[in-house]
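Me: I've got a structure I'd like to talk through with you, starting with its pockets and then a handful of residues. Could you take my questions one at a time?

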Amino acid sequence: MNRNMHLAHYYRYHWEDADLIVVTGEAEQIWEGYMAYCGRYEIAVPEKGKTTMLFRMLAAAGLAAVSLPETEYWGWSVTFPRLSTGLFCGVEPNGMMCGTLLKSDPERNLVAVQRQAKNSPVTQSRFSLFTHDPVEAVEHYFAESEQTLIRIAVDDKGKGVLLRPLPGGRFEKIEGLTDSELISRCFGLAADNKITLLQEMLLFYECPCNMQMITKMIQSLPDDQQNELWGNLDHLEVSCPRCSRKYLISR
């Protein structure tokens, strides 16, 4: 692994007294990795408000991925009501994360989530969204697709926690806590060894795209779409739909 890679440490715990799974993590290093990635491949960094949206999505998607006992592939495609900006976020089983902002129809209001466990088929979930906060979108996914109420809190620096109940688990011990109080409580429980560590996972920003993958994507299009795309051109500039890295493809 690259020594210069920005690694974010995420932890999954069992809180026995409440029978909750608790995940803690700090996404600041993921964001530093995103900024370094953009600099490396000359990707334009979005304006302040939109970077906050992407940052919160990366933080929440990371917490969700680590909450599972077995790692999976996750792909989040989110369009927000009345906004012309949506986003994509992907998480690989090895901890690699990537994401990008996308233009979207303000009338479109949809979250599409793809998941795939090892040696299992891809599962897809779709639901409408009534918030502009990506963190709430991740919470809604669990409520809509897994019929499980969870709680996520993420602060301005990407420090965050996720709590999800095991069968018989209960939220009474965190009832009424603000996001900042919840983060402080969970990190405090971990520091005092009052919850049992189950797993540590390293998350980092990188995209698995390469020239071969992008070329294959173009070649997989129907012939009429390929002909329309190429026209009389000898080269195409194609952006990776997962990270916005640009590739120059020869015909």
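Me: Which residues line the largest pocket?

Reply: Bear in mind that this is a predicted model. The pocket holds about 230 Å³ of space. Its lining is made up of Glu28, Trp31, Glu32, Lys48, Thr51, Thr52, Phe55, Arg56, Asp155, Asp156 and Lys157.

Me: And which element gives the most to the lining of the largest pocket?

Reply: Two elements give two or more residues to that lining, namely α1 (28-40) and α2 (48-66). With five residues, the top contributor is α2.

Me: How do the residues of that lining divide into nonpolar, polar and charged?

Reply: Take the list again: Glu28, Lys48 and Asp155 are among the lining residues, and Asp, Glu, Lys and Arg count as charged. Trp31 and Phe55 line the pocket too, and Trp and Phe count as nonpolar. The split comes out as two nonpolar, two polar and seven charged.

Me: OK, on to the second largest pocket. Which residues that line it are the closest to its centre?

Reply: This pocket has a volume of about 180 Å³, and 14 residues line it. By class they are eight nonpolar, four polar and two charged. Closest to the centre are Ile43, Ala44, Thr100, Cys243 and Ser244.

Me: Which element gives the most to the lining of the second largest pocket?

Reply: The elements with two or more residues in this lining are α1 and β5 (96-103). The one that gives the most, with three residues, is β5.

Me: Cys243 caught my eye there. How far is the nearest cysteine sulfur from Cys243, and in which residue?

Reply: Cys243 is buried, with a relative accessible area of 2%. A disulfide needs the two sulfurs within 2.5 Å, and Cys243 is in no disulfide. Its nearest cysteine sulfur sits 3.7 Å away, in Cys207.

Me: Why is there no bond between Cys38 and its closest cysteine sulfur?

Reply: Cys38 is buried too, at 2% relative accessibility. Its closest cysteine sulfur is the one in Cys243, and there's no bond because the gap is too far for one. In fact, a search of the whole structure turns up zero disulfides. The Cys38 to Cys243 sulfur distance is 8.5 Å.

Me: Let's try a strand residue. Which side chain does the side chain of Thr85 join in a polar contact?

Reply: Thr85 belongs to strand β4 (residues 85-91). It counts as buried because its relative accessible area is 11%, and the cut-off is under 20%. Beyond its neighbours within four places in sequence, Thr85 is in contact with Lys50, Met53, Phe80, Leu101, Leu102 and Ser104. The polar contact, at 3.4 Å, is with Lys50.

Me: Is Leu110 buried or exposed?

Reply: Leu110 lies in strand β6 (residues 110-117). Setting aside neighbours within four places in sequence, its contacts are Ser77, Val78, Thr79, Arg126 and Phe127. Its relative accessibility is 19% and buried means under 20%, so Leu110 counts as buried.

Me: What about Gln199: how far apart in space are Gln199 and Ser67, C-alpha to C-alpha?

Reply: Gln199 is in strand β10 (residues 196-205) and is partly exposed, with a relative accessible area of 21%. Not counting residues up to four places away in sequence, Gln199 touches Tyr10, Tyr11, Arg12, Val66 and Leu68. Although Gln199 and Ser67 are 132 residues apart in sequence, their C-alpha separation is 9.6 Å.

Me: Which backbone oxygen does the side chain of Thr148 reach?

Reply: Thr148 sits in the loop between α3 (134-145) and β8 (151-154). It's a buried residue, with a relative accessible area of 17%. Leaving out neighbours within four places in sequence, Thr148 is in contact with Phe142, Ala143 and Pro165. At 3.0 Å, its side chain reaches the backbone oxygen of Glu146.

Me: Last one: what separates the C-alpha atoms of Gln29 and Tyr205?

Reply: Gln29 is found in helix α1 and is partly exposed, at 32% relative accessible area. Not counting residues up to four places away in sequence, Gln29 touches His6, Leu7 and Ala8. Along the chain, Gln29 and Tyr205 are 176 residues apart, yet their C-alpha atoms are separated by 8.4 Å.

Key: Residues numbered from 1 in each chain as written. Predicted model: local features only at pLDDT ≥ 70, side-chain atom pairs only at ≥ 80, totals over all residues. Heavy atoms only, no water. Helix = DSSP H or I, 4+ residues; strand = E, 2+ residues; numbered from the N terminus. Buried < 20%, exposed > 50% of the residue type's maximum accessible area, 1.4 Å probe, protein only. Polar contact = N/O pair within 3.5 Å; in protein donor to acceptor, adjacent residues only side chain to side chain. Contact = heavy atoms within 4.5 Å. 1 Å grid on protein atoms, 1.4 Å probe; cavity = no way out; pocket = protein on both sides within 12 Å on 5 of 7 lines; lining within 4 Å. Points joined across faces, edges and corners; volume = space filled by probe spheres on them.
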